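User: Hi! Could you walk me through the aromatic contacts and surface patches in this one?
Analyst: Happy to, go ahead and ask.

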Amino acid sequence: MKEYWTSFASLLGVLAFCQTLLQTVFPPELRFALIKLFNRVFHWFSSYCYFDITEIDGVNTNELYNAVQLYLSSSVSITGSRLSLTRALNSSAITFGLSNNDVIVDYFNGVNVLWEHIVTQRQSQTFSWRPLPEEKRGFTLRIKKRDKSLILNSYLDFIMDKANEIRRKNQDRLLYTNSRGGSLDSRGHPWESVPFKHPSTFDTLAMDPEKKSEIMNDLKDFADGQNFYQKTGRAWKRGYLLYGPPGTGKSSMIAAMANFLGYDIYDLELTEVHTNSELRKLLMKTSSKSIIVIEDIDCSINLSNRKKPNNNINSNSGPSPDMRNGSGFGSGSGHEEGGGNTITLSGLLNFTDGLWSCCGSERIFVFTTNHIEKLDPALLRCGRMDMHIFMSYCSFSSLKILLKNYLGYNEEEEEEDNKANDVVLGDIETVIEKAQMTPADVSEVLIKNRRDRAKAVRELLEVLKLKAKANNSTELGNRTSERVEEEEEQEKRALESPNVDFDHLSSCDNNKNGEKEESKEK
């Protein structure tokens, strides 16, 4: 045993002597050159090529590294037994990825590629204003040389697009507002944001199913239409006008659109924007894949129909107060009452359909109004508001959705339910069109009685009947008043007309009297 340890110690001494001799004969520069030559020879005869993607590119974060990490986290072909779990800021989902020094095999267009996640300890770093992480992380991509020209660029582009899709899907929606008008904060942003948690979806939206399906298909075609818009030379944007009585679900429709597409919402408050230049600045600071909303646009600024005559303006009374204040469609050089708002119709039209509207891609403009007749036709034409959606009163098909949302009704339960409820639902179907109740009013009745289905449906029927009766009485009264006003207007016109020929009228009366006497004699 002693001889064994003596021989082992002698061997270590020989190795130490040889190492010292090698360092003396072969300096570090020569050894580095030999290793580099060996690697070149190895890669020359190897059938694979390797690409390193480091986490830090100089002092900046490598965006491609983050994209690869997200893409590999969604791959179903992960074979590693150790996975890392992460949850990003403002994210509602937990993602998993490769652990340290793990390997994953991926397939793209029939080509086999291999990813390896390499983590090593970073050497001691000198003083830096931005300290680097202690660990050096990166991905190594291995592709066969014959496949490099075929898939490398398209594969990396696919990874970037897929990562953006995953990031948008996992990240919570954000709701932006311009509470400071067009002024910038300390970071140079004019928008303030909060997490968007609105639960409205197209499944819960009270609307005719056919119209709902049409809107969803239009949104899906828009989101998938990048190549179409490029081929046709159109800006990748689309406009929707939501109009109808208050309480018909216009805001819920916007939330459902955002949740369906996964877009952020920019709620633009026009009364906080003072000039057209501020409006352009706000547009430039919006991101792609977003919905820009202007609610109650007829109440925000003076965008009334220019073709309608203004009865309040006398030809000798000078310009109207709106034109003097610059809130109309003119120059916009004055100040609006109480706010200094000089946004013009031209500025808003350029915002939605001008050159500045093309500074981003995949944007949706949504305007809402309760009175579409008050808006100028230039704002409503195709290219600005491409799809006009009338948010109507609650129909029976919409009521079924509300019954399912608040009371848990569905088609099978309606068939299996007792005859009394069938009769009540039949009466509701008969009277609901005449009642003209908004989905908001119907929802309030159902919410109050959501613990008792039968009571909720009965009370809803009573409310609908009362509403229908009141609407019928109001309609008859309006017709009577319209006839009376029309007759009074005709009499007023006859009395005020200066060109009445009374001699002609008297002769006509004499002729009529003569004809009457002749008829009596006959």
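User: Let's start inside. Is Phe139 buried or exposed?
Analyst: One note up front: this is a predicted model. Phe139 has a relative accessibility of 3%, so the residue counts as buried, the cut-off being under 20%.

User: And what about Trp115, buried or exposed?
Analyst: Trp115 counts as buried, because its relative accessibility is 0%.

User: How many aromatic pairs are there?
Analyst: The count comes to 15 aromatic pairs. One of them joins Trp115 and Phe139 in an edge-to-face arrangement, with 6.2 Å centre to centre and 90° between the planes.

User: Which strands do those two sit in?
Analyst: Trp115 is in strand S7 (residues 111-121) and Phe139 is in strand S8 (residues 135-144), so their pair ties together parts that are 24 residues apart in sequence.

User: Which residues make up the aromatic cluster with Trp115 and Phe139?
Analyst: One aromatic cluster is formed by Tyr65, Tyr71, Phe108, Trp115, Phe139, Tyr155 and Phe158.

User: Nice. Now, how are the rings of Tyr176 and Tyr266 arranged, stacked or edge-to-face?
Analyst: Tyr176 and Tyr266 are stacked, at 4.3 Å centre to centre and with 10° between the planes. This pair links distant parts of the chain: Tyr176 belongs to strand S9 (residues 173-177) and Tyr266 to strand S12 (residues 264-267), 90 residues apart.

User: Are Tyr176 and Tyr266 buried or exposed?
Analyst: Tyr176 counts as buried at 15% relative accessibility. Tyr266 is buried too, with a relative accessible area of 3%.

User: Let's switch to the surface. Which residues make the nonpolar patch?
Analyst: Phe17, Leu21, Leu22, Val25, Phe26, Leu30 and Leu34 make a nonpolar surface patch of about 640 Å². Helix H1 (2-25) and helix H2 (28-45) are the elements that give two or more residues to the patch.

User: Which helix gives the largest share?
Analyst: That's H1, with four residues of the nonpolar patch.

User: And Leu34, where does that one lie?
Analyst: Leu34 lies in helix H2. With a relative accessible area of 46%, Leu34 is partly exposed, because that value falls between the 20% and 50% cut-offs.

User: What about charge? Which residues form the negative patch?
Analyst: The negative surface patch is formed by Glu482, Glu485, Glu486, Glu487 and Glu488.

User: Where is Glu485 placed, and is Glu485 buried or exposed?
Analyst: Glu485 is in helix H17 (residues 453-496). Its relative accessible area is 52%, so Glu485 counts as exposed, with the cut-off at over 50%.

User: Great, thanks!

Terms used. Residues numbered from 1 in each chain as written. Predicted model: local features only at pLDDT ≥ 70, side-chain atom pairs only at ≥ 80, totals over all residues. Heavy atoms only, no water. Patch = residues over 30% accessible without salt bridge, like charges linked within 9 Å, V, L, I, M, F, W, Y side chains within 5 Å. Areas by Shrake-Rupley, 256 points an atom, 1.4 Å probe, with all protein chains shown as cover. Salt bridge = Lys/Arg side-chain N within 4 Å of Asp/Glu carboxyl O. Lys, Arg positive; Asp, Glu negative; His and termini not counted. Charge placed at Lys NZ, Arg CZ, Asp CG, Glu CD. Buried < 20%, exposed > 50% of the residue type's maximum accessible area, 1.4 Å probe, protein only. Phe/Tyr/Trp six-rings, centres within 6.5 Å; stacked < 30°, edge-to-face > 60°.
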